[in-house]
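Subject: Handing over a structure

Dear colleague,

Here is the structure I promised to pass on to you, and below it you will find my notes on what turned up in it. Please keep the sequence and the 3D view open while you read.

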Amino acid sequence: MGDVTLDIQIKGIEGYKKWLNFLSQGHNWDDILEEILVSYEDDILQMARENLNHETRMTKRTGGLERSLRVSVDDSNTISIWSTHEAAGAVEYGHTFDHLSISSGEESPSNIPEYLERYSDKSLPKGKRMTAYSLARAIEDNQPFRDPQPFARPALYYYYEDIKADIVPTAREFQSQGL
């Protein structure tokens, strides 16, 4: 039997080499991921706000928690949702309240007096209105945040697959533009 020669030619290999070289450079991935994550910031924020108002069935009294929500992408391309509102963690992860302070002093700061002023029935005479003590005891008895009512994490998870799906097209776009 005679010698058999196998000749295989791959056309366009130079294009693949350039593509692989482009992908192997870490700074390119930083730019790609940053662009993708930043493009989802507003969507994630909107979803978290919708979750807060719908999924948690929280009544929107002041809107303080909703307005305090922020989404940001840091230098290591980590997307985060956060809030400066005191109740955010309690709502997201659940929390029980025991022995609430009713003082608004520096040693034991409390929002009880503020909430009492804001939400008490002012049509009642002063002696018939709820006191800070009775409001604190009602919160302890009812434990409104006992069960977690996540609103932030589901917003991040909702867009996870979309973000993953955008990686290759965005990388190709960056490479074709020579970025």
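**Helix α8 and what follows**

Just after helix α8, glycine 178 takes a positive phi of about 70 degrees. Please bear in mind throughout that this is a predicted model, and that every value I quote was computed from it.

Helix α8 itself covers residues 160–176, which makes 17 residues, and from its first C-alpha to its last it reaches 25 Å, close to the 24 Å expected at 1.5 Å a residue. The helix nevertheless has a kink of about 35 degrees, which lies at isoleucine 167, shortly before proline 169. If you colour α8 by burial, you should find that its buried residues are Ile163, Thr170, Ala171 and Phe174.

**The overall layout**

Stepping back to the protein as a whole, you will count 8 helices and 2 strands, and when they are read along the sequence they follow the pattern α-α-α-β-β-α-α-α-α-α. The protein has 179 residues, of which buried residues make up 29%. Among the contacts between residues at least 6 apart in sequence, 69% join residues at least 24 apart.

**The hairpin**

The two strands, β1 (residues 69–73) and β2 (residues 79–83), run antiparallel and are joined by 5 bridges. Within this pairing, arginine 70 stands opposite tryptophan 82 in β2. The side chains of β1 alternate along the strand, in that Leu69, Val71 and Val73 point to one face and are buried, whereas Arg70 and Ser72 point to the other face and are not buried.

Together β1 and β2 form a hairpin with 5 residues between them, and two residues of that loop deserve a careful look. One of them is aspartate 74, which is placed in the loop between β1 and β2 and whose side chain reaches the backbone nitrogen of threonine 78 at 3.0 Å. Aspartate 74 counts as partly exposed because its relative accessibility is 36%, and partly exposed covers the range between the 20% and 50% limits. Although aspartate 74 and glutamate 34 are 40 residues apart in sequence, they are 8.7 Å apart in space, C-alpha to C-alpha.

The other is asparagine 77, which also lies in the loop between β1 and β2 and has a phi near 60 degrees, a positive value in a residue other than glycine. Is asparagine 77 buried or exposed? Asparagine 77 has a relative accessible area of 13%, so it counts as buried, the limit for that word being under 20%.

**The nonpolar cores**

The largest nonpolar core has 28 residues, and of these Ile44 and Val91 touch the most other members. The elements that give two or more residues to this core are α2 (26–55), β1, β2, α4 (88–93), α7 (152–158) and α8, and α2 gives the most, with 9 residues. To see how isoleucine 44 is placed, leave aside its neighbours within four places in sequence, and you will find that isoleucine 44 is in contact with Val71, Ile79, Ile81, Ala155, Leu156 and Tyr159. Apart from this largest core lies another core, of 5 residues, among them Ile112, Leu116, Ala132 and Leu135.

With best wishes

Key:
Residues are numbered from 1 along each chain as its sequence is written. This is a predicted model: local features need pLDDT of at least 70, side-chain atom pairs count only at pLDDT 80 or more; totals for chains, interfaces and linings use all residues. Side-chain values use heavy atoms; hydrogens and water are left out. Buried means under 20% relative accessible area, exposed over 50%, partly exposed in between (1.4 Å probe, protein chains only). Helices (H or I, at least four residues) and strands (E, at least two) are DSSP runs, numbered from the N terminus. Two strands pair if DSSP finds at least two bridges between them. The expected span of a helix is 1.5 Å times one less than its number of residues. The bend at a residue is the angle between axes fitted to the seven residues ending there and the seven starting there. A polar contact is a pair of N or O atoms within 3.5 Å; within protein, one must be able to donate a hydrogen and the other to accept it, and residues adjacent in sequence count only if both atoms are side-chain atoms. A nonpolar core is a set of buried Ala, Val, Leu, Ile, Met, Phe, Trp, Tyr and Cys residues joined through side-chain atoms within 4.5 Å. Contact means heavy atoms within 4.5 Å.
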